[in-house]
Amino acid sequence: MLVIGENINASNKSVAEAIANRDREFLEGLARAQAEAGADFIDVNTGAGQGSVEDEIASMEWLVEIIQAATDKPLAIDSDVPHIIEAALRKYRGERLIINSVTAEPERLASIGTLAAEHQAWLVALAMGAEGIPKSVEQRLAACEQIMTYLSRLGMEAGQVLFDPLVLPISVDSSQGLVTLKTIEQIKSRYPAARTVMGLSNISYGLPNRKVINRAFLVMAAHAGLDAAILDPLDAKAMSFVKAADMLTGKDPFCKGYIRAYRKGAIVD
Amino acid sequence: MIDDILELIRENVVQGRITQEDEGMEEGMEGQPGVTELTEKALALGINIHDIINKGLTAGMELVGQKFDAKEYFIPDMLASGQAVGAAMEILEPHLAKSGIKTKGKIVVATVKGDLHDIGKNIVSILLRGAGYKVIDIGNDIDTQTIVDAIRTEKPQFLGLSALLTSTMMTMANTIQALDKAGLRDKVKVIVGGAPVSEEFAKSIGADGYGADGFGAVRIVKSLASDEDK
């Protein structure tokens, strides 16, 4: 499973401050620590629309530069604002890049989809349209269908698309765990070349001991066909479950990845 | 006997049990009557509807609120209790109309334009219904004019606005201004809530109140209600 390290996110207060103060050391350290912990991609999020777009563009350009100086890991640009994504693309020198994200809304597909197609980036596609997160599997698949049709016309291959099945809190609706898992299964059967990705922590909102729920859900999602997870790679237990899940779903021949991680002391009980 | 039934209603609201098949928050409650069976029984015994609501259902919901505030209860606990009260209110509604008891105030709730988040708003709706208010949920991503129109036609005592994004928070301010322009601002108390919203923000945009969470919203509505709507 691909791990997208979520820690450089401005919704986290200490990160927002570090970005505002241009605290290079702190943010480089965060990038390097995630890379060392086994992140395959480093997510970069510069804000939730609090400052001006100009500020956020400047922050994104700066962040992309300093993170690349700190690690060779490819980046995932976490924004749905075309100007901010363009800012990251201007500064990015790596080969592979994830743009996170687009929805089935045509104007977003036109702007962000075109950017991804032009730069041959991978694109995270949320299984939703203009009406918010659909409650049913069928509606989420309909959104995926619209997205794939549109992106194909732009010349993108299914292999460049990471579908996010979306996760709603189980505390609010007991059926939502299965809705997400079935959506993953269906996406994998309809678009075998496409990947699936999701953030795990939404599932446990409103419940105690959230990490237990997140880990259980990670393992179930791996079985359903999840290819990539957005998580905190510095959480050694979560990373241990990633390794175990890969092994248990036949993606780790002779259990070598798991055992290698164990020898490094990275499998935590 | 009457007090026993009301006590059982309270307990079962706290346990979040709608019918006798339901599990409780505690072990081994299956098979005992739930809130709907107890409410039917209370009606059959001729217990005053006002008492069923106030001493049974609402009192139970207040206990749930205390447990939630003390972090003993979690979101699913309060949703189960809220639904139990909602089911009981459905049973009582036809009798309420007949007995001429005035219901509590009416509240229109919406998530503002540009914001698709409905979880918080739905929780607030369930809890307000549980507290005995009539809630009209007009949905999420609702433009300002639609909200103003709803205030004009529904004539509620309260308007609850929700926003989960820093980018849509300001739309709540626009809504209050639009109510002002439409000459409706003094007709309705506006309460606001959502993750980025704070007490100070609520004040700065001229809202009447702020609810930090579902029970906070119920508290603020109660405190702002005129005596006849309490």
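What follows is a walk through the domains, the chain contact and two residues of this two-chain model.

The model is predicted, with local features needing pLDDT of at least 70 and side-chain atom pairs counting only at pLDDT 80 or more, while totals for chains, interfaces and linings use all residues. Residues are numbered from 1 along each chain as its sequence is written, chains are lettered from A and ligands numbered from 1 in the order in which they are written, and side-chain values use heavy atoms, with hydrogens and water left out.

## Inside chain A

Let's start with the domains, whose bounds come from an automatic or database domain assignment. Chain A splits into domain 1 (2-235) and domain 2 (236-269). The C-alpha centres of domain 1 and domain 2 of chain A sit 23 Å apart. Contact, here meaning heavy atoms within 4.5 Å, links 14 residues of domain 1 of chain A to 9 residues of domain 2 of chain A.

Buried area is the accessible area (1.4 Å probe) that two parts lose on being put together, summed over both. Between domain 1 and domain 2 of chain A that comes to about 950 Å², with carbon and sulfur atoms giving 71%. On the domain 1 side of chain A, the residues that lose the most area to domain 2 are A:Arg215, A:Leu218 and A:Asp235, together 45% of what that side buries.

What about charge pairing? A salt bridge needs a side-chain nitrogen of Lys or Arg within 4 Å of a carboxyl oxygen of Asp or Glu, and the rule finds 0 salt bridges across the interface of domain 1 and domain 2 of chain A. There are, though, 4 residue pairs in polar contact between these two domains of chain A (both at pLDDT 80 or more). For a polar contact, a pair of N or O atoms must lie within 3.5 Å; within protein, one must be able to donate a hydrogen and the other to accept it, and residues adjacent in sequence count only if both atoms are side-chain atoms.

Helix α8 (residues 210-224) of chain A supplies the largest share of the domain 1 side that touches domain 2, with 5 residues. Helices (H or I, at least four residues) and strands (E, at least two) are DSSP runs, numbered from the N terminus. By class, that domain 1 side of chain A has 10 nonpolar, 2 polar and 2 charged residues. Ala, Val, Leu, Ile, Met, Phe, Trp, Tyr, Cys and Pro count as nonpolar, Asp, Glu, Lys and Arg as charged, and the others, Gly among them, as polar.

## Inside chain B

Chain B also comes in parts: domain 1 (2-99) and domain 2 (106-229). Their contact takes 13 residues from domain 1 of chain B and 10 residues from domain 2 of chain B. The C-alpha centres of the two domains of chain B are 27 Å apart.

Across the interface of domain 1 and domain 2 of chain B, the rule finds 2 salt bridges. B:Asp69 and B:Arg219 meet through their side chains in a salt bridge (3.1 Å, N to O). On the domain 1 side of chain B that touches domain 2, the elements giving two or more residues are α3 (49-69) and α4 (75-99) of chain B. Of that side, α3(B) gives the most, with 7 residues. Sorted by class, the same domain 1 side of chain B has 7 nonpolar, 4 polar and 2 charged residues.

## Where the chains meet

Here, 16 residues of chain A are in contact with 9 residues of chain B. In chain A, A:Ser171, A:Val172 and A:Pro208 lose the most area to chain B, together 35% of what that side buries. The rule finds 1 salt bridge across the interface of chain A and chain B: A:Lys135 pairs with B:Asp118, with the closest N and O atoms 3.3 Å apart. The side of chain A that touches chain B divides into 9 nonpolar, 5 polar and 2 charged residues.

Buried areas, side by side:

| Parts | Buried area | Share from carbon and sulfur atoms |
|---|---|---|
| Domain 1 and domain 2 of chain A | about 950 Å² | 71% |
| Domain 1 and domain 2 of chain B | about 980 Å² | 73% |
| Chain A and chain B | about 950 Å² | 71% |

## Two loop residues in chain A

A:Thr103 is in the loop between β4 (97-102) and α5 (106-118) of chain A. Is A:Thr103 buried or exposed? A:Thr103 is buried, because its relative accessible area is 7% (buried means under 20%, exposed over 50%, partly exposed in between, with a 1.4 Å probe and protein chains only). The side chains of A:Thr103 and A:Glu105 make a polar contact of 2.9 Å. Not counting residues up to four places away in sequence, A:Thr103 touches A:Arg108, A:Leu109, A:Leu126, A:Met128 and A:Ile147.

A:Ala193 lies in the loop between α7 (176-190) and β7 (195-199) of chain A. Leaving aside neighbours within four places in sequence, A:Ala193 is in contact with A:Ala158 and A:Gly159.
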